[in-house]
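Student: I would like a close look at a single part of this model, the surroundings of the ligand, followed by whatever helps to place that part in the rest of the chain.

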Amino acid sequence: MVVNASELPPEDYYDYIIVGGGTAGCPLAATLSQSFRVLVLERGGAGSENPNLMNQEGFLSNLLNAETEDSPAQAFISEEGVPNARGRVLGGSSAINAGFYSRAHRDFFLKSGLPWDLALVNRSYQWVEKEIVFRPNLKTWQSAVRDGLLEAGVTPYNGFTLDHAKGTKIGGSTFDTSGTRHTSADLLRHARSSNIKVAVHATVERLLLAGSTAIGALYRDQMGGHHHAFLREHGEVILSAGAIGSPQLLLLSGIGPRPYLSSWGIPVAHHLPYVGHFLYDNPRNGITILPSLPLDHSLIQVVGITDSGAYIEAASNVIPFTSPRHTTFVRSPLYLTVATIISKISGPLSAGFLRLASTDVDANPRVRFNYFINPLDLERCVNGTRKIAQILRSRALKDFKFSNWFGEPDFRFIGPALPLHQTDYTRMADFCRRTVSTIWHYHGGCVVGRVVDPTLKVIGVDSLRIVDGSVFSVSPGTNPQATLMMLGRYALCLSLFHCVFFSCLTINHRALILQVFWVEDYQRKERILILGSMFLFQIVNVTVDCQTCRKHQSFAFTFLFLLYMKRGCIFKFIRGSFLQ
Ligand SMILES: Cc1cc2nc3c(=O)[nH]c(=O)nc-3n(C[C@H](O)[C@H](O)[C@H](O)COP(=O)(O)OP(=O)(O)OC[C@H]3O[C@@H](n4cnc5c(N)ncnc54)[C@H](O)[C@@H]3O)c2cc1C
């Protein structure tokens, strides 16, 4: 199923071409392949040959080695000077991330602009979770921070849960109990292998368009050879290249603000003013200490969900220091343990933008996140850092202190300590601005309502959708990967006309009704007809078994079937149904 792009023919035809085999792209591909011929184009390698990707201990090394041309993590720096990274490997950023797994908060479903059916959302999350989510074993630092959070009033204690719940909880992890990483690429196990090709080292240079209709993608293999992937009738190109990759590819393909594209000499295929706008990054602020006790390596396992717009998480890292090459004194490696407590703000509200730095797709675009430009973000950061101060004062953390010059226990900070006067808003706000870094949860750039419609279709362009973090204007809950994988599974139901039948077959009326309202292809008359027959269908389903009901049921099916045929989508129906 996974092939090197250089082995693929120069030209081929597919029902769905997915650009980016990342966090959302892999579950989407696995789901679509049940009934359609799918091609996934991933610019990175398969990843499995890289031991650093497969365990927690490799987390920092991956980020530190993110500069090379083909490293699985690709480094980029925002215009504010904040270093950041994105995945360049099958599994995308889920293959280089800290593995924490937590579902979105309820507000996200209300505010995202997408028509969610929460029962289906739940089933889609579960589909991901049974495959790649584990309950972590808390060791010293995570347990101490959990207790510190509770002492600092981040209550109630919710124990282990994947749900977003105010208070303190242990979340899921994509590292299993032996410390091995699982990624969204594992979900490809559910793909129908006869229907799917996953091409690695396949860098998409641009989308192929005929007028304002996507007809395929142009990609380059490792040897520099070019390939054309074309759509079959009724097929779609789906961008899942992430919050940096998707807006970049739209711009390179001539979809974006006309004057801007013209300034780069890119022929304009479709004027879409907000491509690359509304780009967000959740700022990370916090402290790092040198603990007085040796600690195990731990990535995020516990989270404090405060009611003041801040989430508190923690990690402990064992950093190897190899001896300087020419020294005659120390030859064995030295290790340093550092422990961090960080705060991430919800939202955020401050928005930035993405611009091209080059017409070469391999070059990172320019990004600016405008951290804290909205005063509410700054206030949330101050609340979060004050909460960290409370945790540092808790009994749970006293064992990690050293004795200072006066024999009093104190923390040994690496980097800036929190301001002494924590009630002073100005000083705390200054700390937030001065120490801002990223928690890598950047999103947006192709947000719903501006670049894509609520079915994730690119506004004004046919046969083109986007399914990844670029469509979000709010980060979903404490950590986004759970919701992005869920979206990959669920997107089918948001986006495809086929979903009408999926909804009928699974007797999911709410999903159907949402579809009928959102799918642009319907005429008003058709919406009324479909809703009418669904009303009938609903009556049939709430009634007990009887002959007449069965007749009504088959009538409703036949009626919808005919409508479907009229749209020329019958072949999709015949090929089966999804998400069973
Ligand atoms: C270091 C780090 C730590 C993180 N920790 C956590 C965590 O603990 N928990 C959590 O929930 N979230 C975490 N995140 C965030 C989370 O991993 C991301 O938000 C999420 O994975 C993004 O998913 P996506 O599908 O939008 O994009 P991605 O997963 O990044 O997928 C995009 C894919 O598209 C490919 N692509 C891009 N351009 C092209 C092109 N032109 N041609 C072909 N392929 C292309 C990329 O190579 C990539 O594989 C972390 C992120 C990072 C970077």
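Student: Which helix gives the most to the shell around the ligand, and how many residues does it supply?

Tutor: In this predicted model, the helix that gives the most to the shell around the ligand is α7, with four residues. The shell as a whole is made of 42 residues, and the closest to the ligand are Gly-20, Gly-22, Gly-92, Gly-242 and Gly-245. Helix α7 runs over residues 242-252, and β5 (83-87), β11 (203-210) and α11 (481-495) likewise each supply at least two residues of the shell. Sorted by class, the shell has 20 polar, 17 nonpolar and five charged residues.

The stretch that holds α7 also carries an annotation: an unreviewed UniProt entry lists residues 242-256 as "domain: Glucose-methanol-choline oxidoreductase N-terminal". Over residues 242-256 the chain is 73% helix and 13% strand, with 17 Å between the end C-alpha atoms.

A second UniProt annotation, "binding site", again from an unreviewed entry, covers Glu-42, Arg-43, Val-89, Val-204, Trp-440, His-441, Gly-469, Pro-480 and Gln-481. Two of these positions can be followed further. Gly-469 is found in the loop between β27 (464-466) and α11, and it counts as buried because it has 30 C-beta neighbours inside 10 Å. Leaving out residues up to four places away in sequence, Gly-469 touches Gly-242, Ala-243, His-443, Pro-480 and Leu-484; of these partners, Gly-242 is listed among the residues closest to the ligand, and Pro-480 is itself covered by the "binding site" annotation. Arg-43, in turn, is found in the loop between β3 (38-41) and α2 (51-54), and with 28 C-beta neighbours inside 10 Å it also counts as buried. With the sequence neighbours up to four places away again left out, Arg-43 touches Arg-88, Ala-202 and Thr-203, and the last of these, Thr-203, falls within β11 (203-210).

Another loop residue, Thr-183, may be read in a similar way. Thr-183 lies between β9 (172-173) and β10 (196-200), and its 29 C-beta neighbours inside 10 Å make it buried. Beyond residues up to four places away in sequence, Thr-183 touches Gly-91, Ser-94, Ala-95 and Thr-174. Thr-183 and Asn-97 are 86 residues apart in sequence, while their C-alpha atoms are 9.4 Å apart in space.

Two further helices can be checked for their geometry. For α5 (residues 118-132), 15 residues at 1.5 Å each should span 21 Å, and the end C-alpha atoms are 21 Å apart, which agrees. The buried residues of α5 are Leu-120, Val-121, Ser-124, Tyr-125, Trp-127, Val-128 and Ile-132. Viewed down the helix axis, these buried residues fall within an arc of 150 degrees, so they line one face of α5, while Leu-118, Ala-119 and Lys-130 are exposed on the other side. In an α-helix there are 3.6 residues a turn, so residues three or four places apart point the same way. Helix α9 (residues 375-392) gives similar agreement, because its 18 residues should span 26 Å and its end C-alpha atoms are 26 Å apart. The buried residues of α9 include Asp-377, Arg-380 and Lys-387, along with Leu-378, Val-382 and Ile-388.

As for the whole chain, its secondary structure comes to 16 helices and 27 strands, and 49% of its 580 residues are buried. Among contacts between residues at least 6 apart in sequence, 71% join residues at least 24 apart.

Definitions and conventions:
Residues are numbered from 1 along each chain as its sequence is written. This is a predicted model: local features need pLDDT of at least 70, side-chain atom pairs count only at pLDDT 80 or more; totals for chains, interfaces and linings use all residues. A residue is buried if 20 or more other C-beta atoms lie within 10 Å of its own, exposed if 12 or fewer, and partly exposed in between; C-beta atoms are placed from the backbone. Two residues are in contact if their C-beta atoms, placed from the backbone, lie within 7 Å. A residue is near a molecule or strand if its C-beta atom, placed from the backbone, lies within 6 Å of it. Ala, Val, Leu, Ile, Met, Phe, Trp, Tyr, Cys and Pro count as nonpolar, Asp, Glu, Lys and Arg as charged, and the others, Gly among them, as polar. The expected span of a helix is 1.5 Å times one less than its number of residues. The arc is that of the directions from the helix axis to the C-beta atoms. UniProt positions are given in the numbering used here, feature names are shortened, and annotations may be inferred rather than shown by experiment.
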